[in-house]
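Work through the exercises below with the sequence and the 3D structure at hand. Try each task before reading its solution.

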Amino acid sequence: MASTDPPSGTSTPLDSAASSLGGNSLTSSLLRAKPYRFATQCATVDNPDPSHKDQHGSSSVPIYQTATFKGMGGQYDYTRSGNPTRSHLEHHIAKISSARHAFAVTSGMGALDVIFRLLKPGDSIIAGNDLYGGSNRLLTYLKVHNGIKVHHLDTTKPSTLLPVLTNPEQNVTMVLLETPTNPLLQIADIAAISAMVHQHKPEAIIVVDNTMMSPYLQRPLEHGADVVYDSGTKYLSGHHDLMAGVICCNREDLAKGIAFTINSIGNGLSPFDSFLLLRGVKTLALRLDKQQATSHLVAKYLHDLGFKVNYPGLPGHPGKEIHDRLASGAGAVLSFETKDKALSERIVGAARLWGISVSFGCINSLISMPCLMSHASIDPKVRKERNLPEDLIRLCVGIEDPEDLIDDLEAALLEAGAVRVVDEAGSRAKLERVRTAEETEEEDVEVKVEGEVESLIVSAPGKVILFGEHAVVHGITAIAGSVDLRCYALAESRQDGKVSLVLPDFDFEATWDIASLPWDQVTSSAKAPRPESTPDQSFVDVLAQKVVRGVDPKVVQSEIAFLYLYMSLSEHKRPSQTFTIRSALPIGAGLGSSAAYSVCISSALLYTHSHLPLPPSTSSAHEGRRAITPEQANVVNAWAFTAEKIIHGTPSGVDNTVASLGGAIAFTKAVKGREGGLDGLHGFKSIRFLLTDTKVSRDTKTLVAGVARRKLEEPDLVNPILKSIQAISDEARRCLTDSDMSRSTQLSTLEKLIDENHSHLVSLGVGHASLEAVKAKTGEQPWGLHTKLTGAGGGGCAVTIIPDDFSESSLTDLKAALADAGFETYETSVGGSGFGLLSTSRNASSVVEGEGGAEKTVLPDVARFRGAAAAELAAWAEGEKGWAFV
Ligand SMILES: N[C@@H](CCSC[C@H](N)C(=O)O)C(=O)O
């Protein structure tokens, strides 16, 4: 193993004496202090031990072709444990890889095996679903023989890792990334994934296979990875005349473990191969520059002919933006599809200059079919599941003349019948790709176009604060629960390059040209997988100033939140969609309508933009409960919180959490160094409430500020009230979660707490005559019910608990009496499901028994959804089967 000190000529700070010199000396000192560029670093091999001089001054590192070393207590004793030629190589590799430690072993797979030995039985590893066949084979071995759980996930979408990462039953200790992947050249955001993994699983190690890029183009340790390995057989050596693997890391503990394994199993690189590899590395930059330049030409050539080409250097590559951030070039491997396996075989067979061979990185150009060669060890069924096309051709571009390479490829394409000549004039005949018979057939029947996304309906509940409003601002616990008045969003795909937001309840509709949206404003902080804790204000400002169409401030905020999430979650697909959003919740009545809206847009976008996998479809409402995992709900909640922040500035997070997760929660805000927290209250049966909207509008900000001012001016009055409210919330929490408490005791306890909390709120100055009127009416005989204001007070809504045995006729009478007094009532229950999802696609919609027992697929009645009055939406949703809920 080798550890690096700053390489000579790389970063020596100017000493003070030099800086005091003038003229030539200063200029020369400055020049000497400049770090060497990569190509120079490659070509200059420093001695790992600067005090050691070769006795003959050899220009090239000698091959210490010896198994043993004489004497005792010296640096080397046995070549398995260490060898001077290998040390030189390892030192050199560490230097060019931004690494403190480097190790050279006998192959790339040998390197991965050494790294995998950091795992223990019971550990889980996350790896990509597009990865080198040999890595897949070794992972399968670990799964079958070593008790290690392996999760193959789509690493191009970091959010898909979250459910496994945050699952307490999965002890994820390693995440293995390839980027670009082999053979589909897909991009994984090393920086985003490393940050996410380190946040959720600080003990997990991010390992990156950097073979495709080599340290010249990408140095993953600089982006947060913990361990990087390369098959040295490829670009590092460059000539396909040796097998080698290298491992780099910065962490001492990992370096120790790796060194121990290499010495124990004895797969350190031999002296002769170390010499050869060191020689190859010297020309790495030179070779790759040439290979990469030609790769761009070849990729463009194939793309222009009409083939689907995978190469991150092509403008339309879906991961290009991320790749350009991580790496300084697209590399020299590309793959393309012909849509016909036999045709691909003919092309490969017809190539002459392109040698049919596995591997890549050689100065000679190679052509291969991954499914028959490098990835043949992956079960064909698994290859199919992972969308690895059997017809895929991989090209590894060498240093030959680009014209010769393109000529040879063109000849092979023509001979195989993959292209035909359409115009022979000019120095190069004009060709076009011949569509396969299957493709032409498919085009006739295929209705789904590329870029189309799933259409679906989502819904999210509103919330009611049962206890602790206002006091929550001052660090007192609030208890809030979901209400079964919900917001609904229908997301439909279209194909005209436009996106629409339709809010029928506001009589609002806007359509934007997707291409004309300000995409340059979507900074990495605003992007998936997880939103930043604060929305990007300059992005919000641009949307507000240049893009939104509405006039009503509520509509404007909803538009901005929608566009912010749509653009942040679009990544490169930018799908054409229409979002129609309806709400059964009264707007601005303190029932969390904006949070329900935020959860609807967040979930609809996360699912239709494939950041989250759709839950399995279900045929009954009951089966759908808990079909959406809490991990997915947390991702939805995080983006909904961003939308809430855009709409409200600094919301507490209670509303969106209840709208995402459902049930009830106890929320305590962190105040003055005291820790806050948010706990789900589990195990209580939903409770019926009557919500009464007084229709008296009020300004929440003014009411909150009023309580704060009173607290400052009259601390002796306000502080004891806050203390009592804390006691009320504590008792409510115990009562709601005590499974031994009888239902009647539970309800009567809540009634008592409702009365107490209401009188405290009145003392805090947030009562209102209209609320007192509701309280008095509901408390009258024969009803005798208990009511409190909910939310900001000063008008808005009151909440009345309805005992289980309260008769329907009494309820009808009460509602009529309240309506006569000018109030609007909503019957609801508290503590139901969080957000729900109903797929409208052909495959995932519900299947019911039709005439004669035959099964038929029933699509949701979207026309009814659009046309129903707000009060009828719940009945419409009830009638639709196949909902999945949190
Ligand atoms: N028969 C070998 C195939 C090696 S493929 C080598 C290389 N990593 C590539 O992607 O071409 C095996 O089964 O491992």
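A residue is buried if 20 or more other C-beta atoms lie within 10 Å of its own, exposed if 12 or fewer, and partly exposed in between, with C-beta atoms placed from the backbone. Helices (H or I, at least four residues) and strands (E, at least two) are DSSP runs numbered from the N terminus. The model is predicted: local features need pLDDT of at least 70 and side-chain atom pairs count only at pLDDT 80 or more, while totals for chains, interfaces and linings use all residues. Residues are numbered from 1 along each chain as its sequence is written.

**Exercise 1. The chain as a whole**

Task: State how many helices and strands the chain has, and what percentage of its residues count as buried.

Solution. Step 1: the chain holds 30 helices and 30 strands. Step 2: 47% of the 886 residues count as buried. Step 3: turn to contacts, where two residues are in contact if their C-beta atoms, placed from the backbone, lie within 7 Å. Of the contacts between residues at least 6 apart in sequence, 73% join residues at least 24 apart.

**Exercise 2. The two sides of helix 10**

Task: Find which residues of helix 10 are buried, and which exposed residues are on the face turned away from them.

Solution. Step 1: helix 10 runs over residues 252-265, which is 14 residues. The expected span of a helix is 1.5 Å times one less than its number of residues. From first C-alpha to last, helix 10 reaches 20 Å, close to the 20 Å expected.

Step 2: Ala 255, Ile 258, Thr 261 and Ile 262 are the buried residues of helix 10. They lie on the same side of helix 10 because they cover an arc of only 130 degrees around the axis; the arc is that of the directions from the helix axis to the C-beta atoms. As a general rule, an α-helix has 3.6 residues a turn, so residues three or four places apart point the same way.

Step 3: on the face turned away from the buried side are the exposed residues Glu 252, Asp 253, Lys 256 and Ser 264.

Step 4: the cover over the buried residues of helix 10 includes strand 2 (101-105), helix 5 (108-116) and strand 8 (245-249). Just after helix 10 comes Gly 266, with a positive phi of about 75 degrees.

**Exercise 3. The span of helix 28**

Task: Work out what span the 13 residues of helix 28 should have at 1.5 Å a residue.

Solution. Step 1: helix 28 covers residues 808-820 and should span 18 Å. Step 2: its end C-alpha atoms are 18 Å apart, so the two values agree. Step 3: just after helix 28, Gly 822 takes a positive phi of about 95 degrees.

**Exercise 4. The shell around the ligand**

Task: List which residues surround the ligand, and say how many are nonpolar, polar and charged.

Solution. Step 1: a residue is near a molecule or strand if its C-beta atom, placed from the backbone, lies within 6 Å of it. The ligand is surrounded by Tyr 132, Gly 134, Asn 182, Ser 231, Val 358, Ser 359, Phe 360, Ser 374 and Ser 377.

Step 2: Ala, Val, Leu, Ile, Met, Phe, Trp, Tyr, Cys and Pro count as nonpolar, Asp, Glu, Lys and Arg as charged, and the others, Gly among them, as polar. The shell has 3 nonpolar, 6 polar and no charged residues.

Step 3: domain 1 (66-282) and domain 2 (285-444) each supply at least three residues of the shell; the domain bounds come from an automatic or database domain assignment.

Step 4: Asn 182 of the shell is joined to Pro 183 by a cis peptide bond, with omega about 20 degrees. Pro 183 lies in the loop between strand 5 (172-178) and helix 8 (190-200).

**Exercise 5. Positive phi outside glycine**

Task: Say where Ser 98 lies and where His 240 lies.

Solution. Step 1: Ser 98 is in the loop between helix 4 and strand 2. Ser 98 is not a glycine, yet has a positive phi of about 55 degrees. It counts as partly exposed because it has 15 C-beta neighbours inside 10 Å.

Step 2: His 240 is in the loop between strand 7 (227-231) and strand 8. Its phi is near 50 degrees, a positive value in a residue other than glycine. With 18 C-beta neighbours inside 10 Å, His 240 counts as partly exposed.
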